[in-house]
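Thanks for coming, everyone. I'd like to walk you through one fold this morning, strand by strand and helix by helix.

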Amino acid sequence: MLENLRERLQAHRPRRVGLRLPEAAVLLPIVDRPEPTLLFTRRADHLNTHSGQVAFPGGKRESQDSDLLATALRESREEIALPPERVELLGRLSDVVSLHGLRVTPWVGLIPPDLSLVPDPGELDAIFEVPLSHFLEDQRTHTDVIRVDGRDYYVPSYRIDGHVIWGLSAMMLVELLAEGFAMPINLFERPPGELLYLPERGVTRP
């Protein structure tokens with residue numbers, strides 16, 4: 001499974017967003033277990049923005065970052081104590097624009113299962129893993145219909161052990177499933193099952 005993922009992501013040509021926006025990057029860490037898992041974080045409840053939300057480790061680019069991969073690896077080290085040298089880079093996914101006007105670049109990396117990862121209590125409440133099979137079997141609870149600037153996005157929402165994976169993280173996950181695992185899933189075709197229509201939004205641009 002993971003060897004095919006590596007080959008597919010290396011052949012993938014991710015889309016770049018040409019807008020001049022503040023930059024951020026995240027890491028989608030796949031844990032190399034007999035049944036591979038995807039690692040997520042949960043943002044601390046005391047934070048002023050995005051408190052309690054599930055996300056991938058990452059954050060805004062800083063001046064000392066040589067590139068956006070360096071951003072993703074630095075943020076992962078700061079947030080969950082993930083040593084950059086233990087990350088085997090598998091590939092990059094397409095840029096996505098957050099509703100707050102950040103251009104976010106996702107990277108996919110393979111990490112060993114024996115790391116002593118620790119959440120930064122200033123930013124995170126938890127680190128948790130979900131078997132990739134949960135997503136490959138499309139065990140979504142429902143689909144959020146998010147209209148952004150007049151276009152509908154069909155974004156899966158997953159509830160796992162009290163955690164909800166949705167929004168921007170789920171959009172990145174869809175591309176990982178489609179491009180990395182050849183799963184017939186995308187954000188622009190209405191899927192079967194329950195739909196939840198969210199209020200129309202516009203992207204905030206600086």
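Two strands pair if DSSP finds at least two bridges between them. With that in hand, here is a first pair of residues: Ile 160 stands opposite His 163 in strand S11. One thing to keep in mind throughout is that this is a predicted model.

Let's stay with that pair of strands for a moment. S10 and S11 run antiparallel and are joined by three bridges. Together they make a hairpin with two residues between the strands, and Asp 161 in the turn has a positive phi of about 50°.

On to another partner of S10. Strand S9, residues 142-148, runs antiparallel to S10, residues 151-160, and seven bridges join them. Along that pairing, Ile 146 stands opposite Tyr 153, and Val 148 has Arg 151 as its bridge partner in S10. Here too there is a hairpin with two residues between the strands, and Asp 149 takes a positive phi near 50°.

Now let's put these strands into their sheet. What is the order of the four strands? It reads S11-S10-S9-S12, in an open sheet with mixed pairing. Strands S11 (163-165) and S12 (195-197) stand at the edges with a single partner strand each, so one side of each has no neighbour in the sheet. From one strand to the next, the twist averages 30°. As for S10, seven of its 10 residues are buried, so the rest of the structure largely encloses it.

Next, the helix that goes with this sheet. Helix H4 lies across S10 and S11, and runs at about 95° to S10. H4 has 15 residues and spans 21 Å from first C-alpha to last, close to the 21 Å expected at 1.5 Å a residue. How many of the 15 residues of H4 are buried? The count is 13, so to speak of H4 as mostly covered is fair. Just after the helix comes Ala 182, with a positive phi near 55°.

If you'd like one residue of H4 to look at, pick Leu 173, which sits in this helix, residues 167-181. Is Leu 173 buried or exposed? Leu 173 is buried, at a relative accessible area of 0%. Setting aside neighbours within four places in sequence, Leu 173 is in contact with Leu 38, Phe 135 and Tyr 158. For a sense of scale, Leu 173 and His 12 are 161 residues apart in sequence, yet 15 Å apart in space from C-alpha to C-alpha.

That brings us to the other end of the chain and helix H1. In H1, residues 2-11, the buried residues are Leu 2, Leu 5, Arg 6 and Leu 9. Looking down the axis of H1, those buried residues fall within an arc of 100°, so they line one face of the helix. They pack against strands S1 (23-31), S5 (88-92) and S7 (103-111), and against H4.

How do H1 and H4 meet? Their axes come within 8 Å and cross at roughly 100°. Angles of 65 to 115 degrees count as roughly perpendicular, and H1 and H4 are therefore roughly perpendicular to each other. On the H1 side the contact is made by Asn 4, Leu 5, Arg 8 and Leu 9, and on the H4 side by Leu 176, Ala 178, Glu 179, Gly 180 and Phe 181.

Let's follow S1, one of the strands that H1 packs against. Eight of the nine residues of S1 are buried, so S1 is largely enclosed by the rest of the structure. Which way do S1 and S7 run, parallel or antiparallel? They run parallel, joined by nine bridges, and Val 31 has Ile 111 as its bridge partner in S7.

S1 also pairs with S2, residues 37-43, in the antiparallel sense over two bridges. There, Val 31 stands opposite Thr 37, and the two strands form a hairpin with five residues between them. With S4, residues 58-60, S1 runs antiparallel and shares three bridges; Ala 25 stands opposite Gly 59 in S4.

One last stop, and it ties in with those two residues. Thr 71 lies in helix H2, residues 68-80, and is buried, with a relative accessible area of 0%. Neighbours within four places aside, Thr 71 is in contact with Ala 25, Gly 59, Lys 60, Arg 61 and Asp 65. Thanks for listening, and I'm happy to go back to any part.

Conventions. Residues numbered from 1 in each chain as written. Predicted model: local features only at pLDDT ≥ 70, side-chain atom pairs only at ≥ 80, totals over all residues. Heavy atoms only, no water. Buried < 20%, exposed > 50% of the residue type's maximum accessible area, 1.4 Å probe, protein only. Contact = heavy atoms within 4.5 Å. Axes fitted to C-alpha atoms, helices over the stretch in contact; angles between N-to-C directions. Expected span 1.5 Å × (residues − 1). Arc of directions from axis to C-beta. Parallel < 35°, antiparallel > 145°, perpendicular 65-115°, else oblique.
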